[in-house]
Amino acid sequence: MIDPATAVKELPLHRRILDDVEGRILSGEWPPGHRIPFEHELTEQYGCSRMTVNKALTELVKRGLIERRRRSGTFVIQPQAQSAVLEIHDMEAEVRSLGLPYRYERLARTKRAPRAVDRRLLDLSAGGKLIDVVAVHYAGARPFCLEERMINLAAVPEADEQAFDTEPPSQWLIRQVPWSAAEHRIRAVGADARVAELLHIAPGAACLVVERRTWSGGVYITHARLTYPGESHELVAEFAAAHPKG
């Protein structure tokens, strides 16, 4: 059996440097914005050439974990999540794909009558009822997304019994109700004071907002407004040509 300590020593030196730096970033020890040691400091620490350090740092740049700023140094950056426009993703899976710990915090859950705008969004009658949930999803120590969701109790009466205090409504709905169609509206907005406070960003900072409605059998199930800090999220879609050429 190989001794783990011996195995570490047998790793190429640039790989040891890479693993050490990456481990500190993913553990949160070096958060976004943290300046990592200068190259000459790392060469002294590991007793290696500057070329070896540069090789490790170049790989970390490719992985999207650090960025080099001319005359300033090398800094940890916020990993950027990607969501497909036409797919509904598991928020926890999105965060964990970045190598960061996930946490969910429900801020409010309310059962209420729909307002006029809600009735239009979910095609509800004036006497209908909905569940309103406000929650924040975290990636590490930083807010990843603000979720504001309405659930149509006429379509999903079981939601009336759910607190959504430990499980996000999106995960519960995916298991509970098979949706047949979805609609996305995507736009950029500046964070108002409330959103800025909840996402720990400056008022007016750019945010990416995805509004999503899902329905099944002609009945609207839910409407969600998902607000992401704009600097840490992008949307990706794949397209195929209708008449591909050889």
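Contact here means heavy atoms within 4.5 Å of each other. With that in hand, look at helix 7, residues 169-176: the helix lies across strand 5, strand 6, strand 7 and strand 10 (219-229). Its direction is at about 45° to that of strand 7. Keep in mind that this is a predicted model.

**How far to trust it**

The chain's mean pLDDT comes out at 83, with 83% of the residues at 70 or more. Over residues 1-9, pLDDT is below 50, and the stretch has two contacts in the model beyond near neighbours in sequence. Residues 239-246 also stay under 50, and there the model has zero contacts beyond four places in sequence.

**The chain overall**

You're looking at eight helices and 11 strands. Of the 246 residues in the chain, 39% are buried. Take the contacts between residues at least 6 apart in sequence, and 58% of them join residues at least 24 apart.

**The six-stranded sheet**

Six strands make an open sheet, and going across it the order is 5-6-7-10-9-8, with antiparallel pairing. Strand 5 (102-112) and strand 8 (181-190) are the edge strands, each pairing on one side only. From one strand to the next, the twist averages 15°.

Now for the pairs themselves. Strand 6 covers residues 130-139 and strand 7 covers residues 142-152. In that pair, Tyr 138 sits opposite Pro 143 of strand 7. Moving across the sheet, Met 150 has His 223 in strand 10 as its bridge partner. Further along, Cys 207 faces Pro 229 in strand 10. Strand 10 itself is mostly covered, with nine of its 11 residues buried.

Here are bridge counts for some antiparallel pairs, including ones from the other sheet described below.

| Strand pair | Bridges |
|---|---|
| Strand 6 and strand 7 | 10 bridges |
| Strand 7 and strand 10 | six bridges |
| Strand 9 and strand 10 | 10 bridges |
| Strand 2 and strand 3 | four bridges |
| Strand 1 and strand 3 | two bridges |

**Out at strand 8**

Arg 185 is a handy residue to click on in strand 8. Is Arg 185 buried or exposed? Its relative accessible area is 53%, and the cut-off for exposed is over 50%, so Arg 185 counts as exposed. Leaving out neighbours within four places in sequence, Arg 185 is in contact with Val 209, Val 210 and Glu 211. Arg 185 and Val 210 are 25 residues apart in sequence, yet their C-alpha atoms are 5.7 Å apart in space.

**What fills the core**

The largest nonpolar core has 26 residues. Those with the most contacts inside it are Phe 144, Val 156, Ala 159, Phe 164 and Tyr 228. Two or more residues each come from helix 5 (91-97), strand 5, strand 6, strand 7, helix 7, strand 9 (206-216) and strand 10. Ala 159 makes a good place to start looking around. Setting aside residues up to four places away in sequence, Ala 159 touches Arg 109, Ile 131, Ile 151, Leu 153, Phe 164 and Trp 172. There's also a second, separate core of 16 residues, and Leu 42, Val 53, Ile 66 and Val 76 are among its members.

**The three-stranded sheet**

The other open sheet has three strands in the order 1-3-2, again paired antiparallel. Why is one side of strand 1 (35-36) and of strand 2 left without a neighbour in the sheet? Both stand at the edges with a single partner strand each, so one side of each goes unpaired in the sheet.

Strand 2 takes in residues 66-69 and strand 3 residues 73-76. These two form a hairpin with three residues between them, and Arg 71 in that turn has a positive phi of about 70°. On the strand 3 side, Gly 73 is the bridge partner of Arg 69. Where strand 1 meets strand 3, Arg 35 stands opposite Phe 75.

**Cysteines**

How many disulfides turn up when the whole structure is searched? The search finds zero. As for burial, the cut-off is under 20% relative accessible area. Cys 145 has 0%, so Cys 145 is buried. Cys 207 has 2%, so Cys 207 is buried too.

Key
Residues are numbered from 1 along each chain as its sequence is written. This is a predicted model: local features need pLDDT of at least 70, side-chain atom pairs count only at pLDDT 80 or more; totals for chains, interfaces and linings use all residues. Side-chain values use heavy atoms; hydrogens and water are left out. Two strands pair if DSSP finds at least two bridges between them. Axes are lines fitted to C-alpha atoms, for helices over the stretch in contact, and angles run from 0 to 180 degrees between N-to-C directions. A disulfide is a pair of cysteine sulfur atoms within 2.5 Å. Buried means under 20% relative accessible area, exposed over 50%, partly exposed in between (1.4 Å probe, protein chains only). pLDDT is the predictor's confidence in each residue, from 0 to 100. A nonpolar core is a set of buried Ala, Val, Leu, Ile, Met, Phe, Trp, Tyr and Cys residues joined through side-chain atoms within 4.5 Å.
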